[in-house]
Structures are given as structure tokens and as C-alpha cells.
Amino acid sequence: MASRPPVGVPTLSPRGRILIVVGVVALAVLIAGSRLISTYVEWLWFGEVGFRGVFTTVLVTRLVQFVIAGVAVGGLLALNLVLAFRARPVFVPVTGPEDPVARYRTGIVARQRLVGIGVPVGVGLIAGLSAMGEWQTVQLFLNGASFGVADPHFGYDVSFYTFTLPFYRLLLSWAFVAVVVSFIGALVTHYIFGGLRLAGRGGQLSGPARVQLGVLAGIFVLLKAVDYYFDRFELLFSERGMPLFTGASYTDLNAVMPAKLILLSIAVICAVAFFVGAALRNLQLPAIATVLLVLSSILVGAAWPALLQQFSVSPNANEREAESISRNIEATRQAYGITDQKVEYVDYSGRAEATPAEVRADTPTISNIRLLDPNILEQTFTQLQQRENFFGFPDKLDIDRYRVDGELHEYVVAVRELESSSLAENQRTWINQHLRYTHGNGFVAAPANVVQSTGDTQEEGGGYPRFTISDTTQQGDIPVEQPRIYFGELIESYVVVGGQPGAPPREYDSDGQNHTYQGSGGVPIAGWFNRLVFAAHHGERNLVFNRAIGSESKIIYNQDPRERIEKVAPWLTPDGDPYPAVVDGRIKWIIDGYTTLENYPYAQQTVLGEATQDTLSGVQRLPDEEISYIRNSVKATVDAYDGTVTLYATNPDDPVLQSWMNVFPGTVQPASEISDSLRAHFRYPEDLFKVQRQMLTRYHVDDPAVFYSQNNFWDVPSDPTERGSNIDQPPYYILAAPPADGGSAEFQLTSSLVSLRRQFLSAYVSVSSDPQTYGDMRVLELPTDSQTLGPQQVQTRFDSSAEVSQELNLLRQSQTDVLQGNLLTLPVAGGGLLYVEPIYVERAGSETSFPQLNRVLVFFGDQLGYAPTLAEALDEVFGAGAGQAAAQPGDQQPQQPPQDDGAPAPAPGPGPGASEEMSQAVADINAALDKLRSAQSSGDFATQGEALAELDAAAQRYQDVQQAAGGGDNSGSAPGGGGG
């Protein structure tokens with residue numbers, strides 16, 4: 001058939017071409033310009049914090065990967081396009097006058113250079129951009145350290161699986177991509193230029209096309225053989241045994257692994273068949289080999305393992321999987337740091353009796369029982385210590401310890417930060433947001449074990465924290481030399497500090513007092529170039545034209561401490577809860593950094609975000625990534641005034657940390673650089689502890705048979721103070737004697753563990769944060785032949801108590817919200833377990849109300865205490881004198897003994913200095929309570945209704961009087977709040 005003359009291709013006029021070129025160039029400049037500006041801004045920031053080496057190392061690594069991947073994929077595609085084009089037939093038949101392939105062919109011939117260069121370049125750009133994200137895999141391969149631990153099957157060091165194998169997999173995946181893209185490019189080229197025709201039943205394939213496509217197919221199959229080889233090693237991460245265990249199961253070891261070797265051999269034979277078929281220009285041999293490979297994959301790779309699992313392993317799984325489970329137990333303990341060398345298991349009686357003398361003698365624990373819940377008191381801190389509307393506190397306050405007057409005390413702590421989102425609408429000018437209100441002011445703390453009593457003279461009244469404040473106007477029990485906060489969790493936007501030389505201070509400190517920033521933090525913007533760059537970056541012309549910006553001005557951005565750590569150490573996973581500490585007179589944010597791995601052989605995998613989720617609010621959730629290894633190898637600090645970032649190696653034996661220190665030398669300081677004053681404020685990190693306690697619920701078991709039966713597994717209890725929630729109870733920091741050991745009080749992180757799918761207490765986990773014993777973990781195991789009530793069951797006892805439920809219901813009826821604080825579990829008296837829960841109240845339906853401690857619940861054995869103070873509640877449980885160690889100055893003793901008939905307790909007296917109106921309101925409340933008790937005893941429902949109405953009216957009068965006396969909305973509660 002004669003070939004048809006080529007169809008003409010529409011052409012653009014010179015003017016159209018110019019417009020297209022100008023448009024493309026303008027678009028490229030806009031995209032590239034924005035990216036370049038952002039990169040320059042980041043470069044300046046990394047230079048300011050002293051980590052520019054991190055920025056350049058990451059950037060160079062990504063650029064090199066971009067070039068290598070782009071050149072490899074794009075170059076191989078270009079080579080195959082050229083080969084296919086040059087091997088095209090001389091005469092190309094057409095199917096008719098409207099043959100669409102001929103039209104494409106004509107267009108490509110007319111633009112050979114554009115297509116021949118543009119397509120490979122475009123594909124190479126896409127490949128290069130995709131490869132840039134794998135820079136961590138490459139750097140770990142180049143700098144990986146040895147673990148010194150061999151896997152139990154192949155005998156390779158663990159570093160092969162964590163650093164080397166992922167890199168080989170990365171190379172293999174890109175080899176697959178390059179071959180597939182080249183095969184598709186060659187196939188399309190041969191089709192367009194006649195080397196491949198689909199006419200007839202089977203179509204026709206020219207000799208050169210058959211050779212080229214056959215070689216590419218053979219290379220692909222050869223790569224598949226390499227893939228089978230690496231699959232053998234990845235069986236050590238197999239999830240066939242899930243949900244019970246991770247790692248190579250019996251079926252994996254005895255069926256899948258031999259199958260991989262068989263398939264590898266067949267794949268090599270198949271690849272050779274493709275190469276021979278290409279040389280002989282015979283497609284039958286490759287076709288037979290391909291069918292053989294597919295059938296082998298089905299029979300050997302899938303059917304045989306399934307049959308073995310179904311008929312041999314599943315009926316005898318407890319015996320067949322014993323070796324794999326044993327390996328899983330050992331590897332998981334190593335990977336999560338819960339080996340027998342790290343965890344001490346102690347038998348604990350959990351006895352239900354204790355004498356007042358025994359309780360009094362447990363002074364390190366009883367005297368430090370925490371009454372302030374940092375997850376509840378944010379509004380109390382805000383309303384009483386905010387000072388200005390643009391200052392604020394985080395949703396979750398923090399717990400730390402300080403030595404005051406020679407004694408160690410536990411404190412609820414926070415810094416009074418700048419909260420730019422709280423500015424009023426008329427304050428939201430650019431100058432106010434970025435030049436005037438630039439920083440917070442003050443370190444606010446409150447002893448965690450005491451509150452104001454009704455006998456105190458401070459205006460806040462009973463049940464509120466005893467604040468100690470250090471700011472620019474006063475110094476409290478924890479003195480601070482530099483109380484200004486330029487770097488914190490609540491600052492959302494950049495600020496400009498400094499200005500013209502000799503200009504008066506403009507940055508707000510407090511009423512009548514301004515400040516000029518003198519710290520080292522911030523990027524200078526005195527020069528016009530930097531001002532223009534930041535104006536373009538933020539889209540803000542005021543950065544150019546504002547006259548207050550001068551030769552001494554700096555711009556401060558990226559103020560969030562956690563964000564700063566993520567940038568300077570992109571290989572770390574920062575803890576979700578940074579906390580402030582006063583170290584040598586300066587406020588520093590302390591952030592725990594985790595090194596994690598996904599592929600530790602035989603170790604159990606868990607989802608990090610799910611394992612660390614609990615009912616705590618105000619904490620940033622960790623990413624939902626699967627891990628099988630975690631270490632808290634870095635403690636990081638961020639200076640709250642100048643933003644200085646320092647990383648300390650706290651676990652120098654961690655191979656992952658060693659690898660990253662090889663990648664970024666000099667960025668992590670050795671542990672010897674940690675001062676004693678800083679080390680005194682290190683806390684064992686909550687997120688790591690949550691992961692470890694989850695693993696301890698199963699991996700405290702040594703025997704594979706017991707592990708398989710799961711009858712000795714534990715569980716993390718759900719939070720009993722969150723009604724209807726199945727979310728885990730958070731661990732709690734406490735200052736108490738070491739569990740089951742006695743001695744002086746130490747700062748520790750604790751959690752209860754219950755039986756699997758049951759609520760009885762099975763274990764109590766505690767880990768020390770004291771410098772001398774940091775990281776020592778102790779597990780108290782309760783007897784399995786007795787039943788000790790767990791947190792949920794104790795909370796049920798609280799809620800079902802007649803006295804407790806009736807009084808709390810009365811409070812709710814008097815327009816008061818009742819908040820249940822954290823339920824603490826405390827080992828006391830050499831074998832007992834004491835539960836303590838503070839009860840807070842606040843006025844319902846008011847945006848400016850805030851919680852106030854009202855009562856304290858105590859439970860031990862089978863006895864429940866409920867009183868205005870902890871000391872009184874302990875006396876109710878153990879007998880008179882038991883609460884002496886918990887008594888605080890100003891504690892109010894109850895005016896009447898506890899009621900035994902379940903009737904509501906009387907309201908306590910108003911305390912010294914109370915007004916006549918308040919005294920009358922309290923008297924009316926007590927009268928209404930007496931009337932209610934009498935009506936309940938006689939069964940007179942009409943009188944009960946009248947008494948409830950009188951009680952509601954009296955409580956409302958009390959709140960109105962207390963609000964007027966406090967000079968604002970300072971009454972969050974009905975009467976009855978007392979000290980603890």
C-alpha cells in the first residue's frame with residue numbers, strides 16, 4: 001500500500017510564539033522566585049540558630065538525588081527513544097486517509113528535537129523531584145553505625161535491616177521505574193513509527209522492536225529476581241503472625257522463604273529466556289518462561305504457604321510459633337528499651353489495711369500528693385494571672401519540681417506567653433501585632449500539693465492555687481533573671497524587635513514599662529535587601545516603609561520551640577509536650593527528641609500516634625507512623641528569650657543517634673555538657689513512657705506458650721474521669737517515695753495497668769526522673785489470686801457513693817459544673833494502693849468562670865473518704881491522725897462529723913473576714929440542707945422540692961456576693977471550697 005503524504009501541522013505566528021514564551025518564562029520566574037525567596041529566608045534562619053550545616057547538608061543531598069534520579073530515569077528513556085526512532089521501518093503503511101497515528105507521526109517528525117529532548121527532560125524532572133524526599137535513607141546508608149546485635153535467623157547486624165536494606169530497596173524501586181518508563185517509551189515509539197502494528201489477529205513486531213523490548217523485559221524480570229532475594233530479609237518484618245506478634249512465622253521460615261529462592265531461580269531463567277529470545281528474534285521462549293514464572297508464583301509463592309498454614313501451623317500454632325514468639329519477645333524488649341536490665345519487676349501485695357501510724361509515716365508520698373490537675377487549671381491560671389488580654393497560657397499546664405528553701409517541691413508551671421490570637425479587634429493593627437506586642441512576661445508556678453484555704457487573706461479565696469510569680473515587676477520562690485518570653489507555644493506570627501539607635505523602647509512589658517530586645521536571636525533586617533526579601537515573603541509592604549525599623553532591627557520568626565527542634569534536627573521526632581524550666585535564672589523550653597525506626601527485625605510494630613493518644617488536651621499528637629524501635633536519645637533546649645537551640649546526647653549508645661551525628665557532626669552536644677541545674681529538670685518523657693507501657697502489657701511475659709494464650713496480658717485502663725470514653729488514661733508525674741522501696745521523695749512518671757479486658761488492677765509502673773536514678777523503671781505486680789480494684793472500679797465507687805453523688809448533684813442543680821481531676825494511684829504503707837481524686841467546681845454557662853478545688857476523694861481498700869481537705873479525707877479512711885502528713889496551714893476542720901446516712905454534708909463556714917451578706921448566704925444554705933435532710937427522712941416530697949428551691953436561691957446569693965467581693969468573676973464555685 002502506498003504511503004500517504006504527511007498531513008500538514010498547524011504553525012503559530014511569530015507573535016504567538018513570543019507570547020507563549022513570555023508567558024512560560026513569567027510563570028517559571030514566579031514559581032522559582034517564590035521558592036528562592038523561601039529558601040533564602042530559611043537559609044538566614046538556620047544561620048541565626050547556628051545550624052546552617054544542617055540546611056546545606058539536606059539541600060545538597062536532595063539536589064544530588066534530584067540530579068542522579070533525573071539523569072538516570074530521563075537518560076535511560078532518552079536512550080530508548082533514540083534507539084526506537086533509529087530502528088523505525090523505512091516505509092510505514094497507513095490504514096487509510098484518516099489514520100490518527102500518521103497525524104501524530106507527522107507532528108513528532110516536525111518537532112523531533114522538542115519531543116526527543118522535552119519528554120525525557122520532563123520525565124527526568126518528575127523523577128528527580130520524587131527522589132528528593134528520600135534523603136534520610138541515603139544518609140543513613142552512607143553513615144549508619146553498627147548495633148552490635150545480630151538477627152536470630154541470618155546472623156546479620158541489625159544495621160543491615162535498618163540502614164542498608166532500605167537503601168537497596170530504594171535503588172531497586174527506581175531501577176523498576178526507569179525500566180518500565182523506558183519500556184513504555186520504546187513501545188509507544190515503535191507503535192507510532194511502524195515497528196509495532198496491531199493490524200490482523202496478533203499484530204506484527206519488527207525485528208529491532210522485538211530485540212529492544214525483549215531486552216527491557218528481560219532486565220525487568222532480572223530485577224524481579226533481585227526483588228525476590230531482598231524479600232527473604234524482609235520476612236523478618238512479616239505480619240503473618242499479627243495481631244499476636246511481628247516477625248517471621250513458622251510458615252514464613254519453612255514455606256515462604258524457600259519459595260522466594262525457587263522464584264528467584266525461575267526469574268533468572270526467565271530473564272535469560274528473554275535475552276535469548278531477543279537475540280534469536282523468537283518470542284516463544286520468553287512467553288513460555290513468563291507463563292512458568294506466573295504459575296510458580298501462584299503455586300509455590302501463594303498456594304504452598306497457604307496449605308502449610310491451614311493444615312499444619314494453625315492446628316498446632318502454640319507449638320509451631322513458639323520459636324518465632326520467643327524471638328519476637330527478645331527483639332521487642334531490645335527495640336523499646338524494656339529489657340530485664342532496664343525494668344525491675346517486684347511482687348506487691350496490694351493489701352487493703354493500713355493503720356493511721358503507717359500512713360503518717362509515709363511522709364514522702366502523703367505530704368506530696370498532688371491536688372492541682374494541670375489539664376484542668378488553665379482557665380484558673382488565665383483568669384487570675386493573665387494580666388493582659390494578649391497574654392495567655394497553654395491549654396495544658398506542665399508539672400516540674402524545684403528545690404525551695406532546701407526542700408524539693410512539685411509545681412504546676414507555665415509561662416505567661418504572648419497570645420497574638422487573643423488581641424481584641426481594635427488592637428489588631430500591623431504595628432501592634434508585629435512591633436508593639438512582641439513577647440510574654442513572667443514565669444507562673446503553684447505548689448501542686450496545696451491550695452489557698454478559706455483562712456488565707458489573699459483575694460482569690462479558698463480552693464485556688466497558691467501562685468508564685470517571677471516577672472519584670474516581682475520575683476517569687478523561683479527567681480528568674482530574664483522573665484521575658486520571645487519564644488513560646490502560643491506566638492503565631494513574626495515580630496520585629498529593635499529599631500533606630502537611641503530610640504525609646506517600644507515593646508510592651510507591662511503598664512508604663514517598655515523594653516528593647518537585647519538578645520542574640522532574630523535575623524537582622526537593617527539592610528534594604530533583607531527588608532525587601534521579608535516583605536515579599538510575608539506579602540507585607542510595611543516591612544519596607546515603617547520608620548521604626550532601623551539599623552538595629554531584627555525579625556524573629558519560627559518561635560514555637562517544637563518547630564525549631566523539628567527544623568534543626570529533622571531526623572528527630574519531638575515529644576508532643578514541651579515544658580518550661582528555670583535553669584540558672586533563665587527560662588528554657590525542654591523538648592524530648594526520639595529516634596525511631598520502622599524495620600527492626602522481629603520487633604513488634606506499633607503506630608506511634610495511636611500508642612501515645614490519651615485524654616490529655618493541649619498536647620500535639622505524634623505522627624501516625626509505624627515504628628518498631630524508639631529511644632529518647634536527645635534532650636533539646638530552647639532559650640525563651642534569645643531562642644538559642646541546644647541538642648544534648650542523653651543516650652550516646654543509640655546507633656541511630658550515632659548515625660545522625662555522623663551525618664551532622666557538631667550539632668549534638670555530648671552529655672558531659674549538660675549542667676547539673678539543667679539535668680535536675682529533665683523529665684522522663686510521657687510519649688516514650690506511653691509506648692513502653694503499651695508494650696509492657698504483653699512483653700512482661702517470658703514464656704512463649706503463656707504469651708500465645710494471652711491469659712496473662714495486661715491492658716492500659718481507660719480514663720475513668722472521662723465518662724463514656726475508651727481513650728487511655730494518661731500517665732501522671734508525681735513526687736513520691738520510690739514504689740515498694742521507701743526512702744526520700746523522687747520525681748517519677750506513673751501509670752496503672754489492669755487485666756486484659758477486665759478492670760481489676762494487675763500492675764503499677766513507675767519510672768524515675770531523678771538525676772541519680774533517671775530511667776530506672778519498676779513494675780509492681782499484684783497477686784493473680786486476689787482482686788484489687790482498678791481506676792474505673794474506684795471511680796464507680798466514688799460516683800455511686802450516696803454522700804458524694806447527692807452533694808455533687810446539688811451543686812449541679814445550683815448552676816455549678818463539677819469537674820473530676822486526675823485520679824492518682826499511689827503505693828503507700830508498704831503494700832497498699834491509695835487512690836486520690838480532686839473535685840473542682842466552676843460556675844456553669846459563663847465564659848469567664850474557672851475551676852476551684854472543692855473536695856478531695858480518697859479510696860483505700862474498701863474505704864472511701866470525701867472531705868474539703870486531703871487531710872480530712874485521709875482521716876475518714878484510716879482514722880484520726882492519718883492525714884497529719886498532708887495537713888497544710890489554714891486547713892479548715894469540718895464543723896460537723898461526716899454524715900453516715902448518705903445525706904448532704906453542711907457547707908463549711910465562710911472563713912475570717914467574710915462579709916455579713918456572705919455569712920447569711922452560708923447560713924441559708926445550711927438551713928436549706930437541714931430542711932432537705934429532714935424531708936428526705938420523712939419522705940415528704942413536697943418539702944424536698946421547697947428545700948431544693950431554697951438551696952438553689954441561697955447558692956445563687958452566695959455566688960453573687962463572692963463575685964462582688966472578688967472584684968470580678970472570681971467565684972467559680974458554690975460554697976464548700978476548701979484548702980488541701
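Helices, such as the H14 mentioned below, are DSSP runs of at least four residues, numbered from the N terminus. Just after helix H14 in this predicted model, Arg 387 takes a positive phi of about 70 degrees. The points below take up the surroundings of that helix, then a second helix, H20, and finally a small group of paired strands.

**Helix H14**
- Helix H14 spans residues 378-385, and because six of its eight residues are buried, the helix is largely enclosed by the rest of the structure.
- Those buried positions are Glu 378, Thr 380, Phe 381, Thr 382, Leu 384 and Gln 385, and what covers them includes strand E6 (407-415), strand E9 (443-447) and strand E10 (468-470).

**Helix H20**
- At the start of helix H20, a side-chain oxygen of Asp 654 comes to within 3.2 Å of the backbone nitrogen of Val 656, and Val 656 is itself among the buried residues of this helix, together with Pro 655, Leu 657, Ser 659, Trp 660 and Val 663.
- The packing partners of the buried H20 residues are both helical, namely H2 (52-86), H5 (135-143) and H6 (158-192), and extended, namely strands E19 (586-597), E22 (629-639) and E23 (645-649).

**The sheet E12-E16-E15**
- Three strands in the order E12-E16-E15 make up an open sheet with antiparallel pairing; E12 (495-497) and E15 (523-524) stand at its edges with a single partner strand each, so one side of each is left without a neighbour in the sheet.
- Strand E16 (residues 554-556) pairs with E12 over three bridges in the antiparallel sense, and within this part of the sheet Val 495 stands opposite Ile 556 of E16.

Notes: Residues are numbered from 1 along each chain as its sequence is written. This is a predicted model: local features need pLDDT of at least 70, side-chain atom pairs count only at pLDDT 80 or more; totals for chains, interfaces and linings use all residues. Side-chain values use heavy atoms; hydrogens and water are left out. Two strands pair if DSSP finds at least two bridges between them. Helices (H or I, at least four residues) and strands (E, at least two) are DSSP runs, numbered from the N terminus. Buried means under 20% relative accessible area, exposed over 50%, partly exposed in between (1.4 Å probe, protein chains only). Contact means heavy atoms within 4.5 Å. A polar contact is a pair of N or O atoms within 3.5 Å; within protein, one must be able to donate a hydrogen and the other to accept it, and residues adjacent in sequence count only if both atoms are side-chain atoms.
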